[in-house]
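Please examine the model shown here with regard to its strand pairing and its charged side-chain contacts.

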Amino acid sequence: MATSGTKRLIAIGMSGAVALSLLCVAAWMIFNGGTDVDEPDGIQIIVPEASAEADTTGSPKANTSAPAPSPAAPPEQITVYVTGEVIRPGVYTVDQGERLDAVLRLAGGPTEDADLNRINLAAYASDATHYDIPGAGEPAAPTGSSVDASAPKAPESAPSEACPVPVNINTANAQCLETLPGIGGVRADSIVTHREQEGPFASPEAITDVPGIGEGIFRGIAEMITVAPR
């Protein structure tokens, strides 16, 4: 009897141990069975990053770059003729829209005899225009005369006969005298009046005795005049 009871107790204990083991295995599987997910070998999941060209809303950023500007066209140029009381009388080319002051500086600036109070240096230079810079003490010209260098000079009438070169300032008429750079109608008349009242010029330099003709004009015409008969 004692042996049979002992066997029963052992069997019950073993059954309890097995059941306890099964419960432990089941609990372990419940808590650990779904946590680890193995990824297939050789496969890596990469989450795409936001594009640098996307804005804060996630939409692609529009291309806002402006087209390259086309090269600016060069400014148009004009040509003017400057004479009178300037250091270097001559023809000059400047950009359209330049003021008369810039043209005067290209011609070397005014001579010490120039009367700048009679010039509008802020006037715009005009193409194919003759600007005659007046001298101090030069007789006032009629309205519309070229002595006002801020206004275009009217075309000069061509002499009726060919003028000798060099020009004899003792015998040349006013039309021939006007062919000299810086000698407009007013100065030509002054030369004629001076030689009629004071007598012939003794030398080419003596032309500076005429009111309105200074050293600047003389330097520009020195090689083009004479007092010797032909």
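The following exchange concerns a predicted model.

Me: Which residue of strand E3 is the bridge partner of Val82?
Reply: Strand E1 covers residues 77-84, and 5 bridges join E1 to strand E3, residues 129-133, in the parallel sense. On the side of E2, which pairs with E1 in the antiparallel sense over 6 bridges, Val82 stands opposite Gly90. In E3, the bridge partner of Val82 is Tyr131.

Me: How many residues lie between E1 and E2 in the hairpin?
Reply: E1 comprises residues 77-84 and E2 residues 90-95, and the two pair in the antiparallel sense. They form a hairpin, and the number of residues between them is 5.

Me: Is Arg187, the salt-bridge partner of Asp132, buried or exposed?
Reply: The closest N and O atoms of Asp132 and Arg187 are 3.1 Å apart. This pair links distant parts of the chain, with Asp132 in strand E3 and Arg187 in helix H4 (residues 185-198), 55 residues apart. Asp132 counts as buried because its relative accessibility is 3%. Arg187 has a relative accessible area of 1%, under the 20% cut-off, and is therefore buried.

Me: Why does Arg105 count as exposed?
Reply: Arg105 forms a salt bridge with Asp101, at 3.2 Å between the closest N and O atoms. Both residues lie in helix H2 (residues 100-106), 4 residues apart, about one turn of the helix. Asp101 counts as partly exposed at 31% relative accessibility. Exposed requires over 50%, so Arg105 qualifies with a relative accessibility of 55%.

Terms used:
Residues numbered from 1 in each chain as written. Predicted model: local features only at pLDDT ≥ 70, side-chain atom pairs only at ≥ 80, totals over all residues. Heavy atoms only, no water. Pairing = 2+ DSSP bridges. Salt bridge = Lys/Arg side-chain N within 4 Å of Asp/Glu carboxyl O. Buried < 20%, exposed > 50% of the residue type's maximum accessible area, 1.4 Å probe, protein only.
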